[in-house]
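Colleague: Hi! I am new to reading structures, and I would like to learn how to look at a few features. Could we go through one together?

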Amino acid sequence: MRTNSENRIVFFGTPEFAVPCLDILVRNKKNVVLTVTQPDQPAGRGKKLTAPPIKKYCEQHGLSYIQPKSIKNEKFHRTIQDLDPSLSIVVAYGRIFPNSLLEIVPLSINVHASILPRWRGASPIAQSIYHQDAETGVSIMKVVEQLDAGPVMMLKKIPIDESDDTEMLTQKLSVLGAEALLEAVNLIEAGKQHFVEQDESLVTIAPILEVEDARIDWSQSAGKIQHHIRAYAPSPGAYTSDGIDRIKIYKSCVVNEKTEEKPGTLRRQKKRLSVACGDGWLDLLEVQRPGKNRQNVVDFLNGYPQERTRWN
């Protein structure tokens, strides 16, 4: 590994989660010779092509970047090879790296938002909330061709607060990941990196969040549903149906009160809406009807038909 003054880094990243990692490298004057990010993608109701957050950051700070459609072709490999990098850093780039690319760079590391080997895969933050983990964190690992299976260099942990949803926890872990990355890069530059193989017997998988899995089952406990809502917020958003509209729920609160009502039954009170669950009541705090913005429950009740008394 080259010394700090000679070190040449290629950074791979795409979403907002990756921005603090690139930023901390830039602010600490690490030699990022190229940033690689995904192509612009259609977004919003108008499906307008939208630049990924990493591209926006590069343009704002005058950094060199490219947006290849594939990282498996020879042309892209030659581009990387010609840069003669000593280190590549991967943060939520969105593609599995082929061995042919990994062989070009002496060392490639990844910032992953879980305590590996727990929650390998696409949705580690949401799964940690959904499965009611007490803590989560970030892992700095060596990139290998198999998804999230490389040996781990560093782990940083934080507790999961009861108020955390996926959006909030993602923001916390993006900052923690940046701090861990800088520490890891400094160790690598000093030749003090050490990697430990993952225990394969402890592996759990975090699959992509599917919209159909976001539907709420009101027969479950209020606590389980609360974690479900937090895990799917803000996207794709936990949802239910009143038989006419699909209603998304973004924030809720468990009520310490038993019920014998059929699961999904609504209870309206002044400035309050509760739903019967398998073991008690869940208060709703923030919801969304089709064609409307997210609303607090008071505004929602002002326009919601009285005759709709149960969700499923």
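Colleague: How many disulfides does a search of the whole structure find?

Modeller: Keep in mind that this is a predicted model. To look for disulfides, check how far apart the cysteine sulfur atoms are: a pair must be within 2.5 Å. Here the search of the whole structure finds zero.

Colleague: Why is there no bond for the sulfur of C58?

Modeller: Its closest cysteine sulfur is in C21, and because the two are 13 Å apart, that is too far for a bond. The story is similar in kind for C253: the closest cysteine sulfur, in C277, is 12 Å away, again too far for a bond.

Colleague: Are C58 and C253 buried or exposed?

Modeller: Burial is read from relative accessible area, with buried meaning under 20%. C58 has 1% relative accessibility, so this cysteine counts as buried. C253, at 37%, is partly exposed.

Colleague: Let us try another residue. Where is E286 found, and which side chain does a polar contact join to that of E286?

Modeller: E286 sits in strand 16, which covers residues 281-288. With a relative accessible area of 17%, E286 is buried. A polar contact of 2.6 Å links its side chain to that of R294. Beyond neighbours within four places in sequence, E286 also touches other residues, including K248, Y250 and N296.

Colleague: And what is Y239 in contact with, leaving aside its neighbours within four places in sequence?

Modeller: Among its contacts are V211, I216 and K248. Y239 lies in strand 12, residues 238-241, and is buried at 6% relative accessible area.

Notes. Residues are numbered from 1 along each chain as its sequence is written. This is a predicted model: local features need pLDDT of at least 70, side-chain atom pairs count only at pLDDT 80 or more; totals for chains, interfaces and linings use all residues. Side-chain values use heavy atoms; hydrogens and water are left out. Helices (H or I, at least four residues) and strands (E, at least two) are DSSP runs, numbered from the N terminus. Buried means under 20% relative accessible area, exposed over 50%, partly exposed in between (1.4 Å probe, protein chains only). A polar contact is a pair of N or O atoms within 3.5 Å; within protein, one must be able to donate a hydrogen and the other to accept it, and residues adjacent in sequence count only if both atoms are side-chain atoms. Contact means heavy atoms within 4.5 Å.
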